[in-house]
Amino acid sequence: METKEQLKEERDKIVKGLEEAYRKLVEFKKAKNSPLVVVRNGEIVEIDPNDVQPTISYKRNQD
(Lines give C-alpha, C1' and ligand atoms only; values in the text may rest on other atoms or scores of the structure.)
Protein backbone atom coordinates (compact mmCIF):
# COMPACT_ATOMS: atom_id res chain seq x y z
CA MET A 1 0.00 0.00 0.00
CA GLU A 2 1.23 3.49 -0.79
CA THR A 3 2.20 5.83 1.96
CA LYS A 4 0.77 9.28 2.47
CA GLU A 5 4.01 10.77 1.17
CA GLN A 6 3.83 8.76 -2.07
CA LEU A 7 0.20 9.81 -2.58
CA LYS A 8 1.14 13.45 -1.99
CA GLU A 9 3.96 13.21 -4.55
CA GLU A 10 1.60 11.70 -7.13
CA ARG A 11 -1.03 14.37 -6.44
CA ASP A 12 1.58 17.11 -6.82
CA LYS A 13 2.72 15.68 -10.17
CA ILE A 14 -0.87 15.49 -11.42
CA VAL A 15 -1.59 19.08 -10.36
CA LYS A 16 1.63 20.29 -12.01
CA GLY A 17 0.62 18.51 -15.23
CA LEU A 18 -2.85 20.11 -15.17
CA GLU A 19 -1.32 23.54 -14.61
CA GLU A 20 1.00 23.01 -17.60
CA ALA A 21 -1.92 21.85 -19.78
CA TYR A 22 -3.87 24.99 -18.81
CA ARG A 23 -0.90 27.22 -19.65
CA LYS A 24 -0.49 25.57 -23.06
CA LEU A 25 -4.22 25.85 -23.77
CA VAL A 26 -4.25 29.58 -23.05
CA GLU A 27 -1.16 30.12 -25.24
CA PHE A 28 -2.74 28.12 -28.08
CA LYS A 29 -6.04 30.02 -27.86
CA LYS A 30 -4.18 33.35 -27.91
CA ALA A 31 -2.15 32.29 -30.96
CA LYS A 32 -5.30 31.21 -32.82
CA ASN A 33 -7.31 34.20 -31.54
CA SER A 34 -9.98 31.72 -30.47
CA PRO A 35 -12.20 32.06 -27.39
CA LEU A 36 -11.98 29.78 -24.39
CA VAL A 37 -15.29 28.00 -23.90
CA VAL A 38 -16.16 27.30 -20.27
CA VAL A 39 -19.16 26.58 -18.08
CA ARG A 40 -19.95 29.33 -15.60
CA ASN A 41 -22.91 29.01 -13.25
CA GLY A 42 -24.33 26.24 -15.42
CA GLU A 43 -24.14 28.28 -18.63
CA ILE A 44 -21.70 27.89 -21.52
CA VAL A 45 -19.77 31.12 -22.07
CA GLU A 46 -16.92 32.23 -24.31
CA ILE A 47 -13.97 34.10 -22.80
CA ASP A 48 -11.41 36.14 -24.69
CA PRO A 49 -8.07 34.36 -24.06
CA ASN A 50 -6.40 37.76 -23.63
CA ASP A 51 -8.60 38.34 -20.55
CA VAL A 52 -7.26 35.33 -18.60
CA GLN A 53 -3.97 34.70 -16.85
CA PRO A 54 -1.62 32.36 -18.71
CA THR A 55 -0.74 30.69 -15.42
CA ILE A 56 -2.61 29.66 -12.34
CA SER A 57 -1.43 27.81 -9.29
CA TYR A 58 -3.48 25.38 -7.30
CA LYS A 59 -3.19 25.83 -3.57
CA ARG A 60 -4.33 23.06 -1.25
CA ASN A 61 -4.56 23.05 2.50
CA GLN A 62 -1.90 20.91 4.07
CA ASP A 63 -3.12 17.56 5.38
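Lys29 touches Ser34, Pro35, Leu36 and Pro49, leaving aside residues up to four places away in sequence. That lysine sits in helix α1, and it is buried with no salt bridge. The model here is a predicted one, and its protein chain has one helix and two strands, running α-β-β along the sequence. Below is a quick tour, starting from that lysine and working out to the surface.

**The buried lysine**

- Lys29 belongs to helix α1, while its listed contacts outside the four-place window are Ser34, Pro35, Leu36 and Pro49.
- Which side chain of opposite charge is nearest to Lys29? That would be Glu46, at 8.8 Å.
- A salt bridge needs a side-chain nitrogen within 4 Å of a carboxyl oxygen, so with Glu46 8.8 Å away, Lys29 is left with no salt bridge despite being buried.

**The chain as a whole**

- The order of elements is α-β-β, with one helix and two strands in total.
- Helix α1 covers 4–32 and strand β1 covers 36–40, and strand β2 spans 43–47.
- Of the 63 residues in the protein chain, 11% are buried.
- About 5800 Å² of the protein chain is exposed, and carbon and sulfur atoms supply 52% of that area.
- Take the contacts between residues at least 6 apart in sequence: 41% of them join residues at least 24 apart.

**Salt bridges along the helix**

- How many salt bridges does the structure hold? There are three.
- As background, side chains of opposite charge can pair when their charged atoms come close.
- Asp12 pairs with Lys8, and their closest N and O atoms are 3.0 Å apart.
- Both Asp12 and Lys8 lie in helix α1, four residues apart, or about one turn of the helix.
- Asp12 is partly exposed at 36% relative accessibility, and Lys8 is partly exposed too, at 29%.
- Arg23 and Glu20 meet in a salt bridge at 2.3 Å, N to O.
- Arg23 and Glu20 are three residues apart in helix α1, again about one turn of the helix.
- Arg23 also forms a salt bridge with Glu27, where the closest N and O atoms are 2.4 Å apart.
- Arg23 and Glu27 are separated by about one helical turn because they are four residues apart in helix α1.
- Put those pairings together and Glu20, Arg23 and Glu27 are linked in a network of salt bridges.
- Are the members of this network buried, partly exposed or exposed? Arg23 is partly exposed with a relative accessible area of 23%, Glu20 is partly exposed at 32%, and Glu27 is partly exposed at 42%.

**Surface patches**

- Glu2, Glu5, Glu9 and Glu10 form a negative surface patch.
- One of those residues, Glu9, is found in helix α1 and counts as partly exposed, with 41% relative accessibility.
- Patch residues need over 30% relative accessible area, so Glu9 clears that cut-off at 41%.
- There is also a nonpolar surface patch of about 330 Å², made by Val37, Val39 and Ile44.
- Ile44 sits in strand β2 and is exposed, with 68% relative accessibility.
- The over 30% cut-off applies to nonpolar patches as well, so Ile44 passes at 68%.

**Two asparagines with positive phi**

- Asn33 is not a glycine, but its phi is positive, at about 50°.
- Where does Asn33 lie? Its place is the loop between α1 and β1.
- Asn33 counts as exposed because its relative accessibility of 61% is over the 50% cut-off.
- Asn41 likewise has a positive phi without being a glycine, at about 55°.
- Asn41 lies in the loop between β1 and β2.
- With 79% relative accessibility, Asn41 counts as exposed.

Note on methods. Residues numbered from 1 in each chain as written. Predicted model: local features only at pLDDT ≥ 70, side-chain atom pairs only at ≥ 80, totals over all residues. Heavy atoms only, no water. Buried < 20%, exposed > 50% of the residue type's maximum accessible area, 1.4 Å probe, protein only. Contact = heavy atoms within 4.5 Å. Areas by Shrake-Rupley, 256 points an atom, 1.4 Å probe, with all protein chains shown as cover. Lys, Arg positive; Asp, Glu negative; His and termini not counted. Patch = residues over 30% accessible without salt bridge, like charges linked within 9 Å, V, L, I, M, F, W, Y side chains within 5 Å. Charge placed at Lys NZ, Arg CZ, Asp CG, Glu CD.
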